[in-house]
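Please open the structure in your viewer and keep the selection panel at hand. This tour goes from one stop to the next, saying what to select and what is there.

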Amino acid sequence: KTKKGPKIFPFESSFEVGKPSLAISADKMNVFYIGVDNPVSVAAPMPKFTASAPGLSAKGAGWVMRPKKPGKVNIVVTGTDDDGNKVALGKAEFRVKRIPDPKAFCGGKSGSQSIKKIAFKNASTVQAKMENFDFDIRVNVSSFVFSTTKAGVVQEFKVSGNKLNSQCKGLIGKAKRNQKFYIEKVKVRMPDGTTRQLAPIILKVI
C-alpha cells in the first residue's frame with residue numbers, strides 16, 4: 001500500500017533588498033520658472049529628512065520652489081538617522097527659466113489675420129494669453145499703440161491699459177473693406193516682475 005501524506009519538495013530561494021533611493025521631482029516638469037510656485041515632490045529613504053535650495057520652502061505635504069534668477073539650481077536633501085546624526089542623501093539639479101512670452105489677442109485674433117468688421121467692433125480689449133504653458137497664470141496688457149492708414153495718412157493712438165478707447169472704436173467704426181489696423185508695442189507686466197513687449201497684431205477688415 002502506498003502511504004498517503006504530504007509530499008515534501010526541497011527548494012532554495014534568495015532575495016536581495018535594494019538600497020532605497022532618493023527621488024526629487026518637479027511636479028510640473030524638469031524645469032522651474034521664475035515668478036510662479038513650482039511644486040516639488042521629495043521622496044527620501046529616511047523618515048526624517050529636509051530639502052534645501054535657494055527659493056525652496058515646505059508647503060503642506062510637499063515643497064514649493066520660487067527661484068530668483070535663470071540658470072541652474074540644486075536641491076540638496078539631508079536625512080537624520082535614529083541617533084540624531086545628519087546624513088547627506090543626495091541632490092538633484094534643475095534648470096531655471098523665465099516664463100515664456102504670452103501672445104497678444106484682439107477680437108480672438110493674433111498675429112496677422114483677417115477679421116469681420118462686426119467682430120472687430122465688438123472687441124473691447126487687447127488681451128495677452130499664455131499658450132501651451134503648464135501653469136495657470138494671467139497677465140494683463142498695460143499699454144499698446146493702435147494705428148491705421150486712411151487716405152494715405154497714418155492715424156495712431158497710444159493707449160494706456162488694455163481697453164480699446166473711443167478713439168480706437170471711432171477708427172474701427174469707419175473701417176473700409178481690406179483696411180489694415182495695427183496693434184503694436186503691446187506691453188504686459190509678468191509675474192516674474194519683468195515687462196515684456198509682445199509681437200504685434202495686424203488685422204485686415206473683411
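## The whole chain

Of the 206 residues in the protein chain, 34% are buried, and you should keep in mind throughout that the model is a predicted one. If you colour the chain by secondary structure, you will be looking at two helices and 16 strands. Contacts in the protein chain with a separation of 6 or more come, for 60% of them, from residues 24 or more positions apart. Switch on a surface, and the area that the protein chain exposes is about 13,600 Å², of which carbon and sulfur atoms supply 50%.

## The largest nonpolar core

Hide the surface again and select F120, F144, F146 and L164, which are the residues with the most contacts inside the largest nonpolar core, a set of 35 residues. To see where this core comes from, select the elements that each give two or more residues to it: β2 (31-33), β9 (103-106), β11 (126-129), β12 (141-150), α2 (166-173), β14 and β16 (201-205). Which of them gives the largest share? That share, four residues, comes from β14.

Now keep F120 alone on display and add the residues it touches, leaving out those up to four places away in sequence: C106, I115, F146, K169, I172, F181, L203 and V205. Elsewhere there is a second, separate core of 17 residues, and you can find it by selecting F32, A51, V73 and L89, which are among its members.

## Aromatic pairs around F120

Seven aromatic pairs are counted in the model. Select F120 and F146 to see one of them, a tilted pair with 6.4 Å from centre to centre and 45 degrees between the planes. F120 sits in helix α1 (residues 117-122) and F146 in strand β12, so that the pair links parts of the chain 26 residues apart. Are these two residues buried or exposed? F120 counts as buried because its relative accessibility is 0%, and F146 counts as buried because its relative accessibility is 0% as well.

Next, leave F120 selected and add F181, with which F120 forms an edge-to-face pair, 5.3 Å centre to centre and with 85 degrees between the planes. Because F120 lies in helix α1 and F181 in strand β14, this pair ties together parts that are 61 residues apart in sequence. Both F120 and F181 are buried.

Two further selections show other rings: Y33, F133 and F135 form one aromatic cluster, while K129 lies over the face of F105, at 4.9 Å from the ring centre.

## The hairpin of β14 and β15

Select strand β14 (residues 180-189) together with β15, and you will find that the two run antiparallel and are joined by four bridges. Within this pairing, V186 stands opposite L198 in β15. The two strands form a hairpin with five residues between them, and in the turn G193 has a positive phi of about 95 degrees.

Stay with β15 (residues 195-198) and show its side chains, which alternate: R196 and L198 point to one face and are buried, whereas T195 and Q197 point to the other face and are not. In a regular strand the side chains alternate between the two faces of the sheet.

## Around β8

Move on to strand β8 (residues 86-97), which pairs with β2 in the parallel sense over three bridges. Ten bridges join β8 to strand β7 (residues 71-80), and here the two strands run antiparallel. Select R95 in β8, which is the bridge partner of V31 and also the bridge partner of K72. β7 and β8 form a hairpin with five residues between them, where G84 in the turn has a positive phi of about 85 degrees.

## Two loop residues

Follow the chain into the loop between β8 and β9 and select R98, which counts as partly exposed because its relative accessibility is 45%. Which residues does R98 contact, leaving aside its neighbours within four places in sequence? They are Y33, I34, D192 and R196. R98 and D192 are 94 residues apart in sequence, and in space they are 7.5 Å apart, C-alpha to C-alpha.

Finish at S110, in the loop between β9 and β10 (112-115). S110 is buried because its relative accessible area is 13%, which is under the 20% cut-off. Beyond its neighbours within four places in sequence, S110 is in contact with K103, A104, F105 and I201.

Key: Residues are numbered from 1 along each chain as its sequence is written. This is a predicted model: local features need pLDDT of at least 70, side-chain atom pairs count only at pLDDT 80 or more; totals for chains, interfaces and linings use all residues. Side-chain values use heavy atoms; hydrogens and water are left out. Buried means under 20% relative accessible area, exposed over 50%, partly exposed in between (1.4 Å probe, protein chains only). Two strands pair if DSSP finds at least two bridges between them. A nonpolar core is a set of buried Ala, Val, Leu, Ile, Met, Phe, Trp, Tyr and Cys residues joined through side-chain atoms within 4.5 Å. Contact means heavy atoms within 4.5 Å. Rings of Phe, Tyr and Trp (its six-membered ring) pair if their centres lie within 6.5 Å; planes under 30 degrees apart count as stacked, over 60 as edge-to-face and the rest as tilted. A charge sits over a ring if NZ of Lys or CZ of Arg is within 6 Å of the ring centre and within 35 degrees of the ring normal. Accessible areas come from the Shrake-Rupley method with a 1.4 Å probe; for residues, only the protein chains shown count as cover.
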